[in-house]
Amino acid sequence: MFDYLIDHPAGSPEFHAELRGAADALTTGEADAVANMANLAALIWQLVPDLNWAGFYRVQGDTLVLGPFCGRPACIRIPMGRGVCGAAAASGTSQLVEDVHAFPGHIACDAASRSELVVPVIVDGQVIAVIDLDSPLPGRFTPADQDGFEALAALIASRIREM
C-alpha cells in the first residue's frame, strides 16, 4: 500500500525533511488520532535505523498512557515527571539522552535500550503526547535528530489530538 524510502543519510536535515513529507502524506485528511499515531509509529520504525522502540505516550491527566508503537511490550502508564518520557511531558521540552542508565529515574521498559529521544507534541501550548524513540546503541540520537523530530511533532500535533 505505502512504500516509503529515503535517499539521504539517517539523521541528516534532508532525511528529516523527507520523513516529515512522508508523515504529512500519510496523515493528511485523516481525522482519527489513533490511526495517525499508529501509522506514524510504523513509518518511524520503518525508516529510522537502529531503533528498538518507536511510538507515542498520550497525556491523560497527570499520567502518560501508552499509545500506538512498534517494538517490545512497554510500560502502560508513566507518572508525569518520571523517567525520560515523563520529564519531556512535564517540562514541555525534548529529552535527548545518550545513556539512559545515567538518567535519574529512568524507567527501563526494555533492558536493551541504551539511548533515548523523547519529543513533546504540543497543541495550544499544552503537551498532548510525546514521541518516544529508544535505541540499543548508546549515543544513537543527535541534536539534528532532535530538531527533525521536533519539526515532525509540530507538523502532526493537530492530527494526533484526540477529540
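**A walk through rings and helices**

Let's start at Phe69, which is partly exposed, with a relative accessible area of 28%. Keep in mind as you look around that this is a predicted model.

Phe69 has a ring partner. To follow that, it helps to know that a pair of aromatic rings is described by the distance of the centres and the angle of the planes. The structure holds two aromatic pairs. In one of them, the rings of Trp53 and Tyr57 sit with their centres 5.8 Å apart and their planes at 20 degrees, so this pair is stacked. The other joins Trp53 to Phe69, and that pair is stacked too, at 5.0 Å centre to centre with 15 degrees between the planes. Where do these two residues lie? Trp53 belongs to strand 1 (residues 53-60) and Phe69 to strand 2 (residues 63-71), so their pairing ties together parts that are 16 residues apart in sequence.

Put the pairs together and you get a cluster of Trp53, Tyr57 and Phe69, linked by ring pairs. Are the other two members buried or exposed? Trp53 has 4% relative accessibility and counts as buried, because the cut-off for buried is under 20%. Tyr57, at 1%, counts as buried as well.

Now hop over to helix 3, which spans residues 83-91. How many of its nine residues are buried? Seven are, which makes the helix mostly covered. You can pick them out as Gly83, Val84, Cys85, Gly86, Ala87, Ala88 and Ala89. The cover over these buried residues includes strand 1 and strand 2, along with strand 3 (77-79), strand 4 (95-97), strand 5 (115-123) and strand 6 (126-135). Right after helix 3 comes Gly92, and its phi is positive, near 70 degrees.

Last stop: a pair of helices. Two packed helices are described by the angle between their axes and the distance between the axes. Here, helix 1 (residues 13-27) and helix 4 (residues 143-156) have axes that come within 10 Å and cross at roughly 20 degrees. The two helices are therefore roughly parallel to each other, since angles under 35 degrees count that way. Their crossing is right-handed.

Which residues make the contact? Helix 1 brings His16, Leu19, Arg20, Ala23, Asp24 and Thr27, while helix 4 supplies Ala144, Asp145, Gly148, Phe149, Ala151, Leu152, Leu155 and Ile156. Sorted by class, the contact between helix 1 and helix 4 has eight nonpolar, three polar and three charged residues.

Definitions and conventions:
Residues are numbered from 1 along each chain as its sequence is written. This is a predicted model: local features need pLDDT of at least 70, side-chain atom pairs count only at pLDDT 80 or more; totals for chains, interfaces and linings use all residues. Side-chain values use heavy atoms; hydrogens and water are left out. Rings of Phe, Tyr and Trp (its six-membered ring) pair if their centres lie within 6.5 Å; planes under 30 degrees apart count as stacked, over 60 as edge-to-face and the rest as tilted. Buried means under 20% relative accessible area, exposed over 50%, partly exposed in between (1.4 Å probe, protein chains only). Helices (H or I, at least four residues) and strands (E, at least two) are DSSP runs, numbered from the N terminus. Contact means heavy atoms within 4.5 Å. Axes are lines fitted to C-alpha atoms, for helices over the stretch in contact, and angles run from 0 to 180 degrees between N-to-C directions. Angles under 35 degrees count as roughly parallel, over 145 as roughly antiparallel, 65 to 115 as roughly perpendicular and the rest as oblique. A crossing is left-handed if the near helix is turned anticlockwise from the far one by less than a right angle, and right-handed if clockwise. Ala, Val, Leu, Ile, Met, Phe, Trp, Tyr, Cys and Pro count as nonpolar, Asp, Glu, Lys and Arg as charged, and the others, Gly among them, as polar.
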